[in-house]
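Q: I have a structure open here and want to go through a few parts of it. Can we start with one helix and then move outward?

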Amino acid sequence: MSGGDVMPGLKGSVDAFVGIDISKDKFDVYGIGRDEKKLFQFSAAMDRNGFEKLKEHLVVVSVSSVLIGMESTASYHVNLFSYLVSEGYQVVIINPLLISNYVKMQLRKTKTDKKDAVVIAQFLLANGNTLIQRVDSSLISDLRDLSRQREGLIDEMTALKINIKRLLNITFPELEHMTSVFTKSILKLVQKYPSAIALGNANLGQLSQMLIADSYGHKREAFAVKLIKAAHSSVGTKSSAKEIILKQNVTLLLHLEEALEEITGILIEMSRKQMEDDINILTSIKGIGDKSAVNFLIEMGGDVNHYEYSGKIIAMAGLDPAVYQSGQHEGKGRITKRGNRHLRRIIWMMTTKVIQYNDIFKAYYLKRRTEGLPYKMAVLATAHKLIRIAYAMLTRRTTFCPQMNS
């Protein structure tokens, strides 16, 4: 169960419920039967011996009649989860928020560490008929790792660009008004001449050769002259420390750009082998490109059939409005933001793009704005519409057409 979603789907009759509380180096286990009687309780190391110890305890029940649950952790649960799935056990990954809410509803509370495994087992017993086993294939897991690494690279690049602009505003503030700072030729120019003073002393011939011909054509030398002239009249401040930092930041940015290009190519190639039809369906919506479609499909688990209806995807992304109560009044406020933040981010990006490039979604967004919704709420409403349509397209195996506008 990923992101806290619940739906029918466990296989066979379950007679034993095993809660596992996981930390970096060990895990605690608690097993109970349908009658709530304890079957076993122990701790084990997070290694092969520990895994085998767990398997030895599980022989008291048949593989098909036991349900094992563990909370989602940063990464500590992955190896044990994979091991149990490979052994044929039904395993669910539970959103810690569900366990927390379950504990709050219980009258009896204890503060012992091993109670966590007990609570997970009791939660499974109480909710086993509504849980679904969500086993991501190893390929989807790998694709998710690539996707999130790519997202991390983009975040690092954004931070570097902000810092580069800040430093240039001190060492050569005029440059940003003359050209795009983040083209490859200008970045390499800044890497060599990180200030107006350094650029003012540059050789005109060498400087013009640094400017990419495809970008400036026969105007390369003229632009080089313009740069040197601006450098001579610049109000930029001389700072050896800032120049060193600027050169290093540009070097890092150029390296990250190469890494991003490499990982993006690999991600799209691998994803098309796994889900090409789904990618083609999503990219039939003007405004959604390969990268957005791939990241969306990966973050929702690679298979739309995991979800009973589009609202499940919205809830998983944390884009559903939170319900609040005040006296006799019940209403909806801001979005919950309790789901998959990576999925939420890609849905938001997809929505802003379709608003920009797709007439149907743009018209819907503008309609919600004229109805009085502020910017973010209008984008959110459009995101809900986009997910409803995307869900319908993926389940019906059809590409986008204006008649789907509903």
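Q: How many residues does helix H17 have, and what does it reach from its first C-alpha to its last?
A: This is a predicted model. In it, H17 covers residues 375–396, which is 22 residues. The helix reaches 32 Å from first C-alpha to last, close to the 32 Å expected at 1.5 Å a residue.

Q: Is H17 enclosed or not, and how many of its residues are buried?
A: H17 is largely enclosed by the rest of the structure, because 16 of its 22 residues are buried. Buried here means under 20% relative accessible area.

Q: What comes just after H17?
A: Arg397 does, and it takes a positive phi of about 60°.

Q: Zooming out, how many helices and strands are in the protein chain?
A: The chain has 17 helices and seven strands. It has 406 residues, of which 44% count as buried.

Q: What about contacts between residues at least 6 apart in sequence?
A: Of those contacts, 63% join residues at least 24 apart.

Q: Now the outside. What does the accessible surface come to?
A: About 21300 Å² for the protein chain, with 51% of that belonging to carbon and sulfur atoms.

Q: Which residues make the nonpolar surface patch of about 290 Å²?
A: Leu39, Val59 and Val60 make that patch.

Q: Where is Val60, then?
A: Val60 sits in the loop between helix H1 (48–58) and strand S4 (66–71).

Q: And is Val60 buried or exposed?
A: Exposed: its relative accessible area is 56%, and the cut-off for exposed is over 50%.

Terms used. Residues are numbered from 1 along each chain as its sequence is written. This is a predicted model: local features need pLDDT of at least 70, side-chain atom pairs count only at pLDDT 80 or more; totals for chains, interfaces and linings use all residues. Side-chain values use heavy atoms; hydrogens and water are left out. Helices (H or I, at least four residues) and strands (E, at least two) are DSSP runs, numbered from the N terminus. The expected span of a helix is 1.5 Å times one less than its number of residues. Buried means under 20% relative accessible area, exposed over 50%, partly exposed in between (1.4 Å probe, protein chains only). Contact means heavy atoms within 4.5 Å. Accessible areas come from the Shrake-Rupley method with a 1.4 Å probe; for residues, only the protein chains shown count as cover. Patches are made of residues with over 30% relative accessible area and no salt bridge: like charges are joined within 9 Å, nonpolar side chains (Val, Leu, Ile, Met, Phe, Trp, Tyr) within 5 Å. A salt bridge is a side-chain nitrogen of Lys or Arg within 4 Å of a carboxyl oxygen of Asp or Glu.
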